[in-house]
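Work through these exercises with the model open. Try each task before reading its solution.

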Amino acid sequence: MLSKRKIKKIFPLDFYGEDSGWRFIIRAQTPDEVLEAMYWRAYISCHRKNVDLLHLATDKFNYRYNYSTGETSDLHFGGGNAPIRVNMMGPIVPISTILEKVASGELVKTASV
């Protein structure tokens with residue numbers, strides 16, 4: 001069994017979600033929030049347009065996205081056939097913030113927890 005010292009070292013625990021190349025993090029601060037964070041990461045990945053993560057975010061992270069559709073209209077952006085690398089920022093949202101919005105009715109969802 002894990003000791004409390006080891007548990008404190010792994011938290012906060014981040015769950016990365018993605019929708020069409022747009023990435024976000026749902027963050028669990030305690031072991032009690034891990035299951036909820038996993039559920040909401042999956043829900044938001046499938047229903048991204050229903051949740052405004054940018055206004056719920058408490059922090060951001062940077063990542064690189066290799067954007068390459070292979071269309072001729074994209075070739076003028078990159079050098080030849082090389083993929084275009086775009087620096088992007090994704091929101092970090094604590095699960096406690098999402099749960100507060102659900103409890104207050106501000107975050108509407110169609111699935112039950």
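**Exercise 1.** What covers the buried residues of α2? The model is a predicted one.

*Solution.* Start with the helix. α2 spans residues 34-46, 13 residues in total. From first C-alpha to last, α2 reaches 19 Å, close to the 18 Å expected. Next, list its buried residues: Val34, Ala37, Trp40, Tyr43, Ile44 and Ser45. Now look for their cover. That cover includes two strands, β1 (13-19) and β2 (22-28). It also includes the helices α3 (53-56) and α4 (95-104).

**Exercise 2.** Tyr39 and Trp40: which one is buried and which one is partly exposed? Then describe their ring pair.

*Solution.* Use the cut-off: buried means under 20% relative accessible area. Trp40 has 0% relative accessibility, so Trp40 counts as buried. Tyr39 has 25%, so Tyr39 is partly exposed. Now turn to the rings. The count of aromatic pairs comes to six. In the pair of Tyr39 and Trp40, the centres are 5.6 Å apart and the planes stand at 90°. Planes over 60 degrees apart count as edge-to-face, so this pair of Tyr39 and Trp40 is edge-to-face. Elsewhere, Tyr16, Phe61 and Tyr63 form one aromatic cluster.

**Exercise 3.** Which pattern does the protein chain follow along the sequence?

*Solution.* Count the elements: four helices and four strands. Then read along the sequence: α-β-β-α-α-β-β-α. Check the contacts next. Among those with a separation of 6 or more, 60% join residues 24 or more positions apart. Finish with burial and surface. Of the 113 residues, 30% count as buried. The chain exposes about 7900 Å², and carbon and sulfur atoms supply 54% of that area.

Notes. Residues are numbered from 1 along each chain as its sequence is written. This is a predicted model: local features need pLDDT of at least 70, side-chain atom pairs count only at pLDDT 80 or more; totals for chains, interfaces and linings use all residues. Side-chain values use heavy atoms; hydrogens and water are left out. The expected span of a helix is 1.5 Å times one less than its number of residues. Buried means under 20% relative accessible area, exposed over 50%, partly exposed in between (1.4 Å probe, protein chains only). Contact means heavy atoms within 4.5 Å. Accessible areas come from the Shrake-Rupley method with a 1.4 Å probe; for residues, only the protein chains shown count as cover. Rings of Phe, Tyr and Trp (its six-membered ring) pair if their centres lie within 6.5 Å; planes under 30 degrees apart count as stacked, over 60 as edge-to-face and the rest as tilted.
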